[in-house]
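Here is a quick walk through one protein model, written for the bench. Have the sequence and the 3D view open as you read.

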Amino acid sequence: MQWLCEDAILKGDNHNAPGINYRQAWARMVSQLIVKSQVGMAWGGKTVWLVQDVLADYISKSTGLILSQYLSEHLDEVNILAYGYGDKIDSHGDSIIELENGSLFAGPITKSGDAFSHDGFIDIVKIGVPPPKEQIWKSLLSKAPIGVWKW
C-alpha cells in the first residue's frame with residue numbers, strides 16, 4: 001500500500017493509485033442531510049442547510065433531485081437555503097461581501113414511501129441520468145493496471 005501513496009505524490013495527476021470516490025463521499029455527506037432533518041423533526045424542530053448556489057446547481061445537475069421544483073417560502077421536512085455571490089466578487093476585491101437574494105428549497109423527505117418514485121428530497125441520493133456504458137469503459141481502461149501483489 002505504501003507504493004500507492006508514493007506513486008500519487010511522485011507522479012501527481014499521472015499516478016496509478018486509486019483516486020477519490022467523489023460519489024461515495026457525496027453520498028455520505030448527503031445522507032446526513034436526510035438523517036439530521038429527521039432528528040430535527042423528531043425533536044419538534046427544523047434543520048436548515050446553508051449552501052452556496054454553486055453547490056445547489058451541482059445537486060440539480062448530478063442527482064435525481066431538481067431543486068427548482070422545491071422552491072418555497074416555508075420550511076418543510078428538509079430545507080436548503082442557497083446563497084450566491086453573483087458578480088459581487090469581481091467588484092469588491094478583498095472586502096466583505098454581504099449576501100443577498102437567497103433561495104429556499106424545502107420539501108418532504110419522501111411523499112409516497114416508494115423508493116423509486118421521484119417525489120421528495122430522497123432523490124438527492126439517486127442519479128440524475130445513468131452514464132453511458134462507453135464512459136464507464138473509458139474510465140476503467142484509461143489507466144494502466146496498478147501493481148502486482150507480492151506475498
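## The strand in the middle

Keep in mind that this is a predicted model. Let's start with strand S2 (residues 78-84): five of its seven residues are buried, so the strand is largely enclosed by the rest of the structure.

S2 has a partner on either side, in the order S1-S2-S3. Strand S1 (residues 49-52) runs parallel to S2 and is joined to it by four bridges. If you want a spot to click on, try leucine 50, whose bridge partner in S2 is leucine 81. Strand S3 (residues 100-107) pairs with S2 the other way, antiparallel, over six bridges. There, glycine 84 stands opposite glutamate 100 of S3.

## The whole sheet

Put together, the three strands make an open sheet with mixed pairing. S1 and S3 sit at the edges with a single partner strand each, so one side of each has no neighbour in the sheet. On average, neighbouring strands here are turned by 25 degrees against each other, ignoring direction.

How do you get from S1 to S2? Helix H3 (residues 53-62) belongs with these two strands, and S1, H3 and S2 together make a right-handed β-α-β unit.

## A greasy spot on the outside

Now over to helix H5 (residues 133-141), which is where you'll find isoleucine 136. Is this isoleucine buried or exposed? Neither, quite: isoleucine 136 counts as partly exposed, because its relative accessible area is 42%.

Isoleucine 136 also has company, forming a nonpolar surface patch with Trp137, Leu140 and Leu141. Together these residues offer about 470 Å² of accessible area.

Definitions and conventions
Residues numbered from 1 in each chain as written. Predicted model: local features only at pLDDT ≥ 70, side-chain atom pairs only at ≥ 80, totals over all residues. Heavy atoms only, no water. Patch = residues over 30% accessible without salt bridge, like charges linked within 9 Å, V, L, I, M, F, W, Y side chains within 5 Å. Areas by Shrake-Rupley, 256 points an atom, 1.4 Å probe, with all protein chains shown as cover. Salt bridge = Lys/Arg side-chain N within 4 Å of Asp/Glu carboxyl O. Buried < 20%, exposed > 50% of the residue type's maximum accessible area, 1.4 Å probe, protein only. Pairing = 2+ DSSP bridges. Right-handed = clockwise from strand over helix to strand, strands pointing away. Axes fitted to C-alpha atoms, helices over the stretch in contact; angles between N-to-C directions.
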